[in-house]
Amino acid sequence: MSRIGKQPIAVPSGVTVNAQEGMFRVKGPKGELTVPFNPDLTIREDNGQLLVERPSDRQEHRALHGLTRTLVANAVKGVSDGFTINLELRGVGYRAKLNGKALEMTIGYSHPVVIDPPAGVTFTVPEPTKIDVSGIDKQLVGQVAANVREVRKPDAYHGKGVRFVGQQIALKAGKAGATGGKGKK
């Protein structure tokens, strides 16, 4: 049995769930999400907890069991608490600000880079060098954060760029052996 798939999912108060015909719908204080799942699997509610069950031990059902449970758990957590990914800017003169809902970054290009958030995602800038990407859909929040980072990935030699908070960048050694001599005669 899948160790992840058999774990129950706690449903917080204020969250309503509905699973039928291959669609799992969850509604909470932060919004509403729909997660498609394989109709062979069943999602049932039992004493304030959700259980994902598979009909057999076939490879296909075993593979989908843990995946479906994780997607359902992420949807329940998203509508109750939400997800946030923190980014930081490193580099001289690198900064970010909000322009309405859009994120405007000055990161070493000749022009400011403006990123409009998709529906369901919000940007906040607590400091000029910190960016928070928030929303209820974990996959969408992660993709938007990756797109922001893609604008200026961390440099391998100096570490300048947009990075996730806590991300370690392995810096390469710079040019070595510049002695200033004229070489051998």
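**Figure 1. N47 in the loop between β5 and β6.** In this predicted model, N47 sits in the loop that joins β5 (42-46) to β6 (49-53). Take a look at its backbone: phi of N47 is near 55°, a positive value in a residue that is not glycine. Is N47 buried or exposed? With a relative accessibility of 74%, N47 counts as exposed, because the cut-off for that class is over 50%.

**Figure 2. E21 in the loop between β2 and β3.** Here we move to the loop between β2 (16-20) and β3 (23-28), where E21 is found. E21 is not a glycine, yet its phi is positive, at about 55°. The relative accessibility of E21 is 77%, so this residue counts as exposed.

**Figure 3. F164 and its contacts.** This view centres on F164, which belongs to strand β13 (residues 161-164). Which residues does F164 touch, leaving aside its neighbours within four places in sequence? The contacts are with I85, N86, L87 and E88, together with A145 and R149. F164 counts as partly exposed because its relative accessibility is 29%, a value that lies between the 20% limit for buried and the 50% limit for exposed. If you zoom out to find R54, you will see that its C-alpha atom is separated from that of F164 by 37 Å, with the two positions 110 residues apart along the chain.

**Figure 4. The two annotated spans.** UniProt, in an unreviewed entry, lists residues 11-82 and 91-163 under "domain: Large ribosomal subunit protein uL6 alpha-beta". Residues 11-82 are 31% helix and 38% strand, and the C-alpha atoms at the ends of this span lie 14 Å apart. For residues 91-163, the figures are 19% helix and 40% strand, with 11 Å between the end C-alpha atoms.

**Figure 5. The whole chain, for orientation.** Stepping back from the close-ups, the protein chain has 2 helices and 13 strands. Its C-alpha atoms fill a box of roughly 80 × 45 × 20 Å along the principal axes. The radius of gyration is 23 Å, whereas a compact globule of 185 residues would have one near 16 Å. Of the 185 residues, 34% count as buried. The chain exposes about 11500 Å², and carbon and sulfur atoms supply 50% of that area. Among contacts with a separation of 6 or more, 50% come from residues 24 or more positions apart. Finally, for those who like to follow the charges, the chain carries 27 positive and 17 negative ones, and their mean positions are 15 Å apart.

Methods: Residues are numbered from 1 along each chain as its sequence is written. This is a predicted model: local features need pLDDT of at least 70, side-chain atom pairs count only at pLDDT 80 or more; totals for chains, interfaces and linings use all residues. Side-chain values use heavy atoms; hydrogens and water are left out. Helices (H or I, at least four residues) and strands (E, at least two) are DSSP runs, numbered from the N terminus. The radius of gyration is taken over C-alpha atoms; the globule rule is 2.2 Å times the number of residues to the power 0.38. Buried means under 20% relative accessible area, exposed over 50%, partly exposed in between (1.4 Å probe, protein chains only). Contact means heavy atoms within 4.5 Å. Accessible areas come from the Shrake-Rupley method with a 1.4 Å probe; for residues, only the protein chains shown count as cover. Lys and Arg count as positive and Asp and Glu as negative; His and the chain ends are not counted. The place of a charge is taken as NZ of Lys, CZ of Arg, CG of Asp or CD of Glu. UniProt positions are given in the numbering used here, feature names are shortened, and annotations may be inferred rather than shown by experiment.
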